[in-house]
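Colleague: I've got a few things I'd like to ask about this one. Mind if we go through them together?

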Amino acid sequence: AKGKFGLPLNISTPPDIKELAVTFNTMCERLEELDEMKIEFISHVSHQLRTPLSAGDAASCLLLEGVFLHAPDKQHELFSIIQEECERLIRSVNRILDLSSMEAGMLDYQFVTSDIIPILEREMIKLAPLAQRKNITIKLDIPDSLPAVRIDEERIAQVVENLFGNALKFTADRGMITMLASENTEKGLVQVSFERSEEHTSELQSRFDL
């Protein structure tokens, strides 16, 4: 009742009491699992909402400060970022509302054969204001062409955004983040990775295969 689920009952007799204790312990294990799932879910949702909010906030601050007052193209780009992030927030909320479908194993994927390069470029442009706020240089290191991959474009964009957001979060001011993509012909995959570089250090932040 106090939320302490890790103290199992050990009652051997009589048999009916023992059966009750085993059932009670099973219930406690399940409650503990659900409690951990709730914490993980809240953390995941917080991350999903924080990145688009931060990107939209950074873009709106740049507009209010008049950083690109005499650059209409840049202003239009920032307005587009704000609009896209608002739409992403709406999609995130819709995903939260669809949690019941996830639990029922009915999560819907929209797989298409697509070029991954425009998705990477779009996510880099979208998070550019956040990088600019921290004086972080971002670079895209990909070949001129990559083989098409079968993906759910929206969910892959979400993966890229999450990994890129983590790289921004853990890179110090005046650092650099490189988004790399390459074809692994041996495995028949396209690999996307993020390299975080700071003064005198360089490390692979994360990678995923398509």
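Colleague: Let's kick off with C86: is C86 buried, partly exposed or exposed?

Modeller: Keep in mind that this is a predicted model. The relative accessible area of C86 is 41%. Buried would need under 20% and exposed over 50%, so C86 is partly exposed.

Colleague: And C61, what's the relative accessible area there?

Modeller: C61 lands in the in-between class too, since buried stops at under 20%. That makes C61 partly exposed, with a value of 24%.

Colleague: How many disulfides does the whole structure have?

Modeller: A disulfide is a covalent bond between the sulfur atoms of two cysteines. To count here, the two sulfur atoms must lie within 2.5 Å. Searching the whole structure turns up a count of zero.

Colleague: Moving on to A58, is that residue buried or exposed?

Modeller: A58 sits in helix α1, which covers residues 15-64. Its relative accessibility is 4%, and the cut-off is under 20%, so A58 is buried.

Colleague: Which residues does A58 touch, leaving out those up to four places away in sequence?

Modeller: One hint comes from Q132, 74 residues from A58 along the chain: the C-alpha atoms of the two are separated by 8.8 Å. As for contacts, heavy atoms have to come within 4.5 Å. On that basis, the partners of A58 are P129, L130 and R133.

Colleague: Zooming out, what share of the contacts between residues at least 6 apart joins residues at least 24 apart?

Modeller: The chain runs through five helices and six strands, in the order α-α-α-β-α-β-β-α-β-β-β. Of its 210 residues, 32% count as buried. For the contacts you're asking about, the share is 66%.

Colleague: What accessible area does the nonpolar patch with M37 have together?

Modeller: M37 is in helix α1 and counts as partly exposed at 45% relative accessibility. That clears the over 30% needed for a patch. F24, M27, L31 and L34 join M37 in the patch, and the five come to about 430 Å².

Colleague: How much of the accessible surface of the protein belongs to carbon and sulfur atoms?

Modeller: The total for the protein is about 13500 Å². Carbon and sulfur atoms take 55%.

Colleague: Last one: which element has the lowest mean pLDDT?

Modeller: The protein averages a pLDDT of 78, and 81% of the residues score at least 70. Strand β1 (residues 111-114) has the highest mean among the elements, 89. The lowest, at 57, goes to residues 201-209, strand β6.

Notes
Residues are numbered from 1 along each chain as its sequence is written. This is a predicted model: local features need pLDDT of at least 70, side-chain atom pairs count only at pLDDT 80 or more; totals for chains, interfaces and linings use all residues. Side-chain values use heavy atoms; hydrogens and water are left out. Helices (H or I, at least four residues) and strands (E, at least two) are DSSP runs, numbered from the N terminus. Buried means under 20% relative accessible area, exposed over 50%, partly exposed in between (1.4 Å probe, protein chains only). Accessible areas come from the Shrake-Rupley method with a 1.4 Å probe; for residues, only the protein chains shown count as cover. Patches are made of residues with over 30% relative accessible area and no salt bridge: like charges are joined within 9 Å, nonpolar side chains (Val, Leu, Ile, Met, Phe, Trp, Tyr) within 5 Å. A salt bridge is a side-chain nitrogen of Lys or Arg within 4 Å of a carboxyl oxygen of Asp or Glu. pLDDT is the predictor's confidence in each residue, from 0 to 100.
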